[in-house]
Amino acid sequence: MEVKDFDFDLPEELIAQTPLKERARSRLLVLDKKTGKITHKHFEDIIDYLKPGDVLVRNNTKVIPARIFGIKDITNAKIECLLLKQIEGNKWECLIGNAKVAKLGTKFKFSDKLSATCVEVKDEGIRVFDFDVKGIFYEVLEEIGNMPLPPYIHEKLNEKDRYQTVYAKINGSAAAPTAGFHFTNELLEKIKEKGIIIADVTLHIGLGTFRPVSVEKLEDHHMHTEHYYMSKETADILNKAKEEKRRIISVGTTSTRTLESVYAKYNTFKECEEDTSIFIYPGYTFKAIDNLITNFHLPKSTLVMLVSALAGKENILNAYQEAIKERYRFFSFGDSMFIK
């Protein structure tokens, strides 16, 4: 299967630059994966597609202000650093702009409170930095860091919390699980009142999710690992739902990859904390989830491949063409889709 099979033309003006004032008023395209039928709604109508006993699984990761700027010792060469994944303690895997200046042993200063030494050189502009921090790491990041908005967003984000879900809890992501942007606390309460069970997993988003595909054949694409955690409470909820043949509905591709990673490995859900490099594309048999709430993804991305695996490539590309015709907003701050 070739990457070009997942390409489509998107008018640039449909790339959402800012979030809607009201999260739940985004549009919702409902796609029946069996028939390909499309229905147009608003996100607050999602409650009509959920039924008592369903389990809704969210990714409660919290985006950190992961983009920081510094200078190299002695030469004062400038560097842009995107924190991707915490390895241990204050050691982080980072994506470096102007990576050639970040050689083994090189020291950088980001502020009076934060400096770093390059302790490992990897391919594709990735380095491992050991940070020296005066104070609490995440508090210093809040002071000096920038929210890691995707490169296709050119407008300034006035409210940092709009690049977070309302249920973001665990620090560690270099990007947001954007399918969750449409939920409000009020809508989540209504969903609970209807008898839908809400369960959380954590996957800290890094290169595995947002790295572009640069090969021609899907099978040649290398997924970077991302760290995830599933609690015993969530595992128990999901196993009971499986036993009772109740639906498991995933909020976003990152929740999906977490659930599928656990179930593929253990043939059940269980408490675990691991890394995943799972790559889901057409031909994959889903073992964990039944349905998916998601956004509209970039052409030729691993995310459009994942949704194509669930709903069928033809159905997805037809739905995307319909969304373009109906002037839906695309990507991170854009509208939503429910694959039922």
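Let us begin with tyrosine 163. In this predicted model, and leaving aside neighbours within four places in sequence, tyrosine 163 is in contact with ten residues that I shall name in order: Val63, Met147, Pro148, Leu149, Pro150, Leu157, Ala175, Ala176, Phe181 and Phe333.

Where does Tyr163 belong in the wider arrangement? Tyr163 is among the residues with the most contacts inside the largest nonpolar core, together with Met230, Leu259, Phe269, Ile316, Tyr320 and Phe330. That core has 67 residues. Helix H6, which covers residues 302–311, gives the most to this core, contributing seven residues. Another core, of 29 residues, lies apart from it and includes Leu95, Phe110, Leu114 and Leu141. As general background, nonpolar side chains in soluble globular proteins tend to be buried together.

I turn now to the chain as a whole. Seven helices and 17 strands make up its list of secondary structure elements. Of the contacts with a separation of 6 or more, 70% are between residues 24 or more positions apart.

What radius of gyration does the chain have? The value is 20 Å, and this agrees with a compact globule, because a globule of 340 residues would have a radius of gyration near 20 Å. Along the principal axes, the C-alpha trace spans about 65 × 45 × 40 Å.

Next, the surface. Of the 340 residues, 56% count as buried. The accessible surface comes to about 15,600 Å², and carbon and sulfur atoms account for 47% of it.

Finally, the charges. The chain carries 50 positive and 50 negative side chains, and the centres of these two sets lie 1 Å apart.

Key: Residues are numbered from 1 along each chain as its sequence is written. This is a predicted model: local features need pLDDT of at least 70, side-chain atom pairs count only at pLDDT 80 or more; totals for chains, interfaces and linings use all residues. Side-chain values use heavy atoms; hydrogens and water are left out. A nonpolar core is a set of buried Ala, Val, Leu, Ile, Met, Phe, Trp, Tyr and Cys residues joined through side-chain atoms within 4.5 Å. Buried means under 20% relative accessible area, exposed over 50%, partly exposed in between (1.4 Å probe, protein chains only). Helices (H or I, at least four residues) and strands (E, at least two) are DSSP runs, numbered from the N terminus. Contact means heavy atoms within 4.5 Å. The radius of gyration is taken over C-alpha atoms; the globule rule is 2.2 Å times the number of residues to the power 0.38. Accessible areas come from the Shrake-Rupley method with a 1.4 Å probe; for residues, only the protein chains shown count as cover. Lys and Arg count as positive and Asp and Glu as negative; His and the chain ends are not counted. The place of a charge is taken as NZ of Lys, CZ of Arg, CG of Asp or CD of Glu.
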